Amino acid sequence: MDKYEEIRVIGRRALGTVVLVREKAGARRELVLKALPCEGEAATRIEDARNEARLLASARHPNVLPLVEAFRDAPRKRFVLVTEYARGGDLARAIEILL
């Protein structure tokens, strides 16, 4: 987690928190960090998160955000997915605007 600085929370959902972050070094890209709890009932969802990470890592499509990295943050007891940031928002928001 030392690689990223938090900018703001984008959303909180039952499955975890989504945060806009910036790389501390290198290109200093803005990215999205999705943190999923790894304890209690939420621990059963870790395999789903790992599957999502594998899928994102293999996907090559203009409408799928590329996975930057996925890791287990043991001190904070969570699994983390880091993806590129879609400035225009997510698909649900785009559909909402159209309707």
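Which exposed residues sit on the face of α1 turned away from its buried side? They are D48, L55 and S58, where exposed means over 50% relative accessible area, buried under 20%, and partly exposed in between (1.4 Å probe, protein chains only).

A word on the ground rules: this is a predicted model, with local features needing pLDDT of at least 70, side-chain atom pairs counting only at pLDDT 80 or more, and totals for chains, interfaces and linings using all residues. Residues are numbered from 1 along each chain as its sequence is written, and side-chain values use heavy atoms, leaving out hydrogens and water.

Back to the helix. Elements are DSSP runs numbered from the N terminus: helices are H or I with at least four residues, strands E with at least two. On the other face of α1, I46, A49, A53 and L56 are buried. Their arc, taken from the directions from the helix axis to the C-beta atoms, is only 80°, which puts them on the same side of α1. In general, an α-helix has 3.6 residues a turn, so residues three or four places apart point the same way. The cover over these buried residues includes β3 (30-37), β4 (67-73) and β5 (78-84), with contact meaning heavy atoms within 4.5 Å.

Now for the largest nonpolar core (buried Ala, Val, Leu, Ile, Met, Phe, Trp, Tyr and Cys residues joined through side-chain atoms within 4.5 Å). It has 9 residues: Y4, V19, V21, L31, L33, A35, F71, V80 and V82. The largest share, 3 residues, comes from β3. Another core, of 7 residues, lies apart from it and includes L36, C38, F79 and L81.
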